[in-house]
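Welcome, and please open your viewer. Let's take a walk through this structure together, one selection at a time.

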Amino acid sequence: MNKPVYILGISCFYHDSATVLLKDGQIVFASQEERFSRKKHDESFPKLAIEEALKHAGITAQDLDAVAFYEKPILKFFDRILQTTMKVWPRGFVQYHMAMQEWMPKKLWIPHIIRRELSYKGPIYYPSHHESHAASAFFCSGFPDAAVVTADGVGEWATTTIGHGKGKELKLLREIHYPHSLGLLYSAITYYLGFKVNSAEYKVMGLAPYGEPKYLEQMRKLIDVKPDGSFALDMKYFTYEYGLRMTGRSIEKLFGQPTRTPESPLEQFHKDIARSLQELTDEVMLNLARAAKELTGSRYLCLAGGVALNCVSNGKILRSGIFEDIFIQPASGDAGGALGAALMAWHGMMQGERLPRMEHVFFGKSYNQTEIEDFLTKNRIPSEKIPAVDLPKHVATLLQGENVIGWFQGRTEYGPRSLGNRSIIADARNPNNWKKVNLKIKFRESFRPFAPTVLEEKASEYFELDRESPFMLLVADTREKYRAEIPAVTHVDGSARIQTINRNQNALYYDLLKAFDEQTGCPVIINTSFNVRGEPIVESPQDAWNCFVHTHMDYLVLGQCIVDKKKLPPEWKRSSEEYLKKFLLD
Ligand SMILES: [Fe+2]
């Protein structure tokens with residue numbers, strides 16, 4: 001028997017560092033470093049995640065056939081960063097100083113760091129940043145032929161690309177270069193609205209339905225949008241080329257209001273700005289989709305890059321009918337670069353076979369029942385063990401009404417979303433649950449809606465969606481007649497950010513929903529990530545316990561063991577503030 005081919009993908013030193021291990025082209029492990037280091041958006045070398053990946057496969061770094069890094073560090077550093085800072089000199093001094101102090105030692109020495117950290121002597125491949133994004137979508141899509149659109153803040157030079165994937169080949173056909181970037185425009189407005197850049201862009205998306213696109217015309221001054229999919233920013237409104245802030249006075253003058261102070265009250269103005277930005281993003285993404293169709297003639301579209309996490313735009317592209325079907329990489333941010341880089345090496349360098357369509361994201365570490373019981377016993381935590389076969393029915397009964405449950409099962413999710421293994425779940429029929437989960441468990445602003453998980457076979461009955469959405473990356477309307485039935489997951493404009501589930505994707509989570517449907521006649525529940533605001537999604541039983549005991553969650557389901565908050569001795573009562581202080585609030 002031939003020795004399997006192992007390729008390790010790595011993305012790091014910007015944000016959300018991650019690793020992916022491929023065995024003969026199949027994903028055997030994928031996870032972000034933040035899950036292990038407990039530092040949200042951790043950008044450091046993913047040493048802990050790599051250790052887990054190798055342990056999972058039972059190999060050492062010496063067994064790796066190749067390592068793939070998700071971008072070309074020399075091109076990024078010497079070419080783009082130095083050229084840009086020189087272009088705007090002396091205003092670029094701050095960026096230059098930062099580059100020399102922080103980025104150069106890391107970025108320039110990436111080969112050295114990889115070899116040193118892994119004691120690895122084999123080949124290292126460097127596809128470009130956007131090739132990595134594009135590969136993470138196309139090679140996981142199962143489509144034989146597809147157009148590929150990527151859009152993010154910036155890679156080396158490219159910020160947006162249109163590509164064409166065919167079989168084992170992938171080519172980028174068009175690129176838009178820095179400083180012209182849809183991702184950076186989105187981040188600049190995120191900054192203007194008083195939210196944290198590279199972290200809270202999804203809050204702006206959640207805010208948009210409360211506003212009207214009243215500032216769309218002013219916003220058009222920021223960006224010249226062409227029908228052929230290209231665009232150019234008017235750089236007089238942006239300061240990211242030379243400063244540490246994204247925007248300055250000119251944007252405040254344009255919109256007639258100062259930059260919002262973080263945590264200050266959100267006014268109608270901010271909601272209208274968010275809505276105007278959403279409309280503009282939709283328009284640019286639709287133009288790109290049309291251009292991609294024209295260039296490739298493909299029936300299918302693949303999307304990746306941070307902007308592809310904008311599920312509202314994704315839903316509009318799908319409904320436009322430009323393409324028959326679309327695939328969106330669930331780890332569309334830079335964490336997904338690790339997967340794309342590894343797949344570029346597998347297909348480009350090794351001419352490997354395509355993997356089937358990516359059906360789920362459960363590629364992280366798991367903790368078995370014995371480990372869970374050892375944890376509970378060691379910490380003297382009272383719990384009730386339920387036979388595996390009865391667990392879905394038992395938890396479905398607890399879910400009814402106002403109980404909020406921490407649900408911890410199997411392997412962790414790869415990418416930014418909890419999709420049923422590290423989730424906080426609640427009854428979507430109860431309008432109070434929206435408030436309870438937002439304010440008492442997540443400790444976050446109450447304007448943001450929750451996403452529903454729905455049985456795949458009933459998705460089109462409840463929502464205006466005619467296909468699966470397993471990664472919670474499509475927004476569609478809740479059908480009129482069900483809006484009152486599931487208020488906790490229906491946004492103010494009637495929309496919902498939907499996750500569909502079938503049994504192949506996650507049998508236990510599917511069985512839980514099925515049991516809930518049988519007991520209540522409703523196939524929809526609330527699913528939100530298992531963490532508090534600013535905390536990485538829980539990884540281990542210890543993390544899950546910490547989050548549970550410091551919040552107002554009612555039950556914790558760790559594997560087959562159920563912990564009931566009411567039955568905990570009083571000494572377990574913990575202050576939320578003390579816990580929240582540990583995390584940088586975003
Ligand atoms: Fe990126």
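## First stop: around serine 469

Select serine 469 and show what surrounds it: apart from residues up to four places away in sequence, serine 469 touches Leu474, Ile498, Gln499 and Thr500. A word before moving on: this is a predicted model. Serine 469 sits in the loop between α17 and β17. Is serine 469 buried or exposed? Its relative accessibility is 3%, so it counts as buried.

Stay in that loop and click on methionine 472, which also lies between α17 (459–462) and β17 (474–477). Look at its backbone: phi is near 60 degrees, a positive value in a residue other than glycine. Most residues other than glycine have a negative phi, and most peptide bonds are trans. Methionine 472 has a relative accessibility of 3%, so it too counts as buried.

## The cavity

Now turn on a cavity display. Rolling a probe the size of a water molecule over the atoms shows where empty space is left. How many cavities of 30 Å³ or more does the structure hold? It holds 1, and the volume of the largest cavity is about 50 Å³.

To find it, select the lining: Glu359, His360, Val361, Phe362, Leu419, Pro470, Phe471, Gln499, Thr500, Ile501 and Gln505. Two of these names, Gln499 and Thr500, should be familiar as contacts of serine 469. Colour the lining by residue type and you will find 6 nonpolar, 4 polar and 1 charged.

## Zooming out

Reset the view and take in the whole protein, with its 20 helices and 21 strands. The radius of gyration is 23 Å, close to the 25 Å that the globule rule gives for 586 residues, so the protein is as compact as a globular protein of that length. Along the principal axes, the C-alpha trace spans about 65 × 65 × 45 Å.

Try colouring by burial next: buried residues make up 61% of the 586 residues. Switch to a surface, and about 22,600 Å² is exposed, with carbon and sulfur atoms supplying 53% of it. Contacts tell another part of the story. Among those between residues at least 6 apart in sequence, 72% join residues at least 24 apart.

## A strand residue: isoleucine 425

Select isoleucine 425, in strand β15 (residues 422–427). Its relative accessible area is 0%, so isoleucine 425 is buried. Which residues is isoleucine 425 in contact with, leaving aside its neighbours within four places in sequence? They are Leu399, Asn403, Val404, Ile405, Trp407, Tyr509, Leu512, Ile525, Ile526 and Asn527. Measure across to tryptophan 407 in your viewer: the two residues are 18 apart along the chain, and their C-alpha atoms are separated by 6.9 Å.

## A loop residue: threonine 247

Jump to threonine 247, in the loop between β10 (231–233) and α10 (249–255). Threonine 247 has 1% relative accessibility, so it counts as buried. Show its contacts, not counting residues up to four places away in sequence, and Ala188, Tyr191, Tyr237, Phe238 and Thr239 appear. For a distance to draw, pick tyrosine 192: it is 55 residues from threonine 247 in sequence, yet 7.1 Å away in space, C-alpha to C-alpha.

## A helix and its partners

Go to helix α2 (residues 47–57) and highlight its buried residues, which are Ala49, Ile50, Glu52, Ala53 and Leu54. An α-helix has 3.6 residues a turn, so residues three or four places apart point the same way. What do the buried residues of α2 pack against? Show β1 (6–11), β2 (18–23), β3 (26–32), α1 (34–37) and α5 (110–118) to see their partners. Just after α2, look for glycine 58, where phi takes a positive value of about 70 degrees.

## Two last backbone details

Select aspartate 16, in the loop between β1 and β2. Here phi is near 55 degrees, again a positive value in a residue other than glycine. Aspartate 16 has a relative accessibility of 15%, so it counts as buried, the cut-off being under 20%.

Finish at proline 179, in the loop between β8 (169–177) and α7 (182–192). Which way round is the peptide bond from tyrosine 178 to proline 179, cis or trans? That bond is cis, with omega near 5 degrees.

Definitions and conventions:
Residues are numbered from 1 along each chain as its sequence is written. This is a predicted model: local features need pLDDT of at least 70, side-chain atom pairs count only at pLDDT 80 or more; totals for chains, interfaces and linings use all residues. Side-chain values use heavy atoms; hydrogens and water are left out. On a 1 Å grid over the protein atoms alone, a cavity is a set of points where a 1.4 Å probe fits but cannot get out, and a pocket is an open set with protein on both sides within 12 Å along at least five of seven lines; lining residues have an atom within 4 Å of a point. Grid points are joined across faces, edges and corners, and a volume is the space filled by probe spheres set on the points. Ala, Val, Leu, Ile, Met, Phe, Trp, Tyr, Cys and Pro count as nonpolar, Asp, Glu, Lys and Arg as charged, and the others, Gly among them, as polar. Helices (H or I, at least four residues) and strands (E, at least two) are DSSP runs, numbered from the N terminus. The radius of gyration is taken over C-alpha atoms; the globule rule is 2.2 Å times the number of residues to the power 0.38. Buried means under 20% relative accessible area, exposed over 50%, partly exposed in between (1.4 Å probe, protein chains only). Contact means heavy atoms within 4.5 Å. Accessible areas come from the Shrake-Rupley method with a 1.4 Å probe; for residues, only the protein chains shown count as cover.
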